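Student: I am new to this structure. Please take me through one part of it closely.

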Amino acid sequence: MKDRWTPEDIIDADRRHLWHPFTQMQDWQTSDPLIIESAQGAVLRDIHGNEYLDGVSSLWANVHGHRRSEIDRHIKEQIDRVAHSTLLGLGNVPSAQLARRLAEISPGGLDHVFFSDDGSTAVEAAIKIAYQYWQQLQPSQPDKTLLVSFENGYHGDTLGAVGAGGIDLFHAVYRPLLSPALHAYHPYCYRCRYGLEWPACDTHCIESLAGLLDSRADEVFAVIIEPLVQGAGGMITAPPGFLSKVRELTRRHNVLLIADEVATGFGRTGRMFACEHENVEPDILVLGKGLTGGYLPAAATLVTEDVYSAFLGDYSEKRTFFHGHTYTGNPLACAAALASLDIFEQDAVLDAMQPKIEFLADNLKLLKDLPHVGDVRQRGFMVGIELVKDKATREEYDWTDQVGGRVAIDVRNHGVILRPLGNIVVLMPPLCITTDQIETLVAATASSIRHITES
Ligand SMILES: *Cc1c(COP(=O)(O)O)cnc(C)c1O
């Protein structure tokens with residue numbers, strides 16, 4: 001090991017050896033990589049000492065800011081006890097405490113918590129649990145072998161999660177390896193397939209799911225949805241009432257509802273969980289990203305008593321959920337999560353956030369008049385700014401133009417980090433962001449959008 005690494009050494013090691021996720025590595029070789037060295041609050045610092053406002057919460061994970069002292073302390077105290085011990089046949093202290101806390105704060109009777117490591121693995125567990133539930137129910141329903149998901153949905157990158165996904169750019173190549181889900185139409189009001197407008201449309205698009213379940217519910221074990229906002233699909237917001245209609249339909253047709261709140265959970269939409277906006281109680285709730293405050297990988301799949309009890313029985317009955325990962329329930333990650341939940345209470349984070357959501361909405365009005373901004377969608381602290389080639393016809397930029405990507409590079413000159421989704425510029429700041437920082441974030445974004453789209 002070298003004992004002194006210059007910034008150039010680090011960049012060289014990264015370029016030669018590190019394969020970055022969701023990244024065209026050929027472009028990376030010729031770009032000027034931005035490498036983070038430290039952070040504080042909503043600000044990231046790179047290896048050259050430049051500072052940037054973290055406009056996307058370190059990929060939607062960070063909640064209360066970086067290096068929050070209470071979370072740091074909790075992790076350090078835990079590391080002096082034990083860093084890791086397995087949940088296979090043993091327990092550990094923070095995971096038991098966290099399971100209780102999650103059962104308490106989650107909607108409805110989601111009393112049983114299965115831990116895993118990241119959003120994809122928690123989705124994977126949810127899909128297997130939902131399928132196995134019907135197989136083990138008495139009397140069993142062996143024909144329920146299909147999952148229903150929504151077009152444009154994103155549930156992670158492991159194969160089960162990709163099977164549930166609906167984004168062709170990411171998912172199409174793997175099709176031969178998958179057990180694909182049936183797709184229902186998800187509302188995308190800016191580009192409504194039916195050419196209708198909400199609320200006059202009376203959420204007509206729910207008929208897609210209704211039709212599917214009318215004809216095939218006997219074969220369907222679950223519907224999986226990103227409640228209120230499809231994140232990676234482009235920050236696509238569903239109109240109010242859509243989610244509760246999905247809940248009604250799944251109840252009526254005897255199909256489980258899996259709410260994937262990996263992105264929307266932990267305050268991102270302005271409530272602790274997005275389902276709360278419509279008083280929806282899913283049968284299975286998937287949590288990840290913000291669970292540990294954005295500190296360490298951990299995720300959870302919460303289920304109702306009804307689902308859980310289908311897995312109980314004598315060992316010989318083979319009802320066990322034979323599934324689990326090495327680092328499941330990691331004590332350091334659980335300690336971070338517990339500290340994050342304490343901060344939500346102690347700082348009344350969700351209350352403090354409401355005026356900031358309004359302030360963000362006011363600032364976003366700045367963007368709506370720009371000639372290449374087609375749509376600005378906001379739900380709490382989740383924002384999608386859709387850039388269009390032609391505002392009147394809503395003609396899209398070709399994705400190979402990478403307008404979103406170019407905005408994200410340009411905005412670094414204004415001291416802001418963003419990560420777009422194709423032509424959609426995403427803002428998803430940590431909940432701790434100040435109003436001054438919100439102003440900076442939106443002004444910088446506006447100026448880069450103008451620079452890239454109007455020159
Ligand atoms: C990010 C995300 C996932 C996958 O989580 P990872 O931690 O990246 O595996 C799953 N579902 C949704 C809705 C997400 O946004």
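Student: In which helix does glutamate 104 lie, and what surrounds that helix?

Tutor: Glutamate 104 lies in helix H5. First, some ground rules. This is a predicted model, where local features need pLDDT of at least 70, side-chain atom pairs count only at pLDDT 80 or more, and totals for chains, interfaces and linings use all residues. Residues are numbered from 1 along each chain as its sequence is written, and side-chain values use heavy atoms, leaving out hydrogens and water.

Helix H5 covers residues 93–105. Helices (H or I, at least four residues) and strands (E, at least two) are DSSP runs, numbered from the N terminus. Glutamate 104 is exposed, because its relative accessible area is 52% (buried means under 20%, exposed over 50%, partly exposed in between, with a 1.4 Å probe and protein chains only). Its C-alpha atom is separated by 31 Å from that of valine 426, 322 residues apart along the chain.

Now the sheet. Helix H5 lies across S4, strand S11 (284–287) and strand S12 (299–303). Contact means heavy atoms within 4.5 Å. The helix runs at about 125 degrees to S4. Axes are lines fitted to C-alpha atoms, for helices over the stretch in contact, and angles run from 0 to 180 degrees between N-to-C directions.

The open sheet has 7 strands in the order S4-S12-S11-S10-S7-S5-S6, with mixed pairing. Two strands pair if DSSP finds at least two bridges between them. Strand S4 (112–116) and strand S6 (182–184) are the edge strands, each pairing on one side only.
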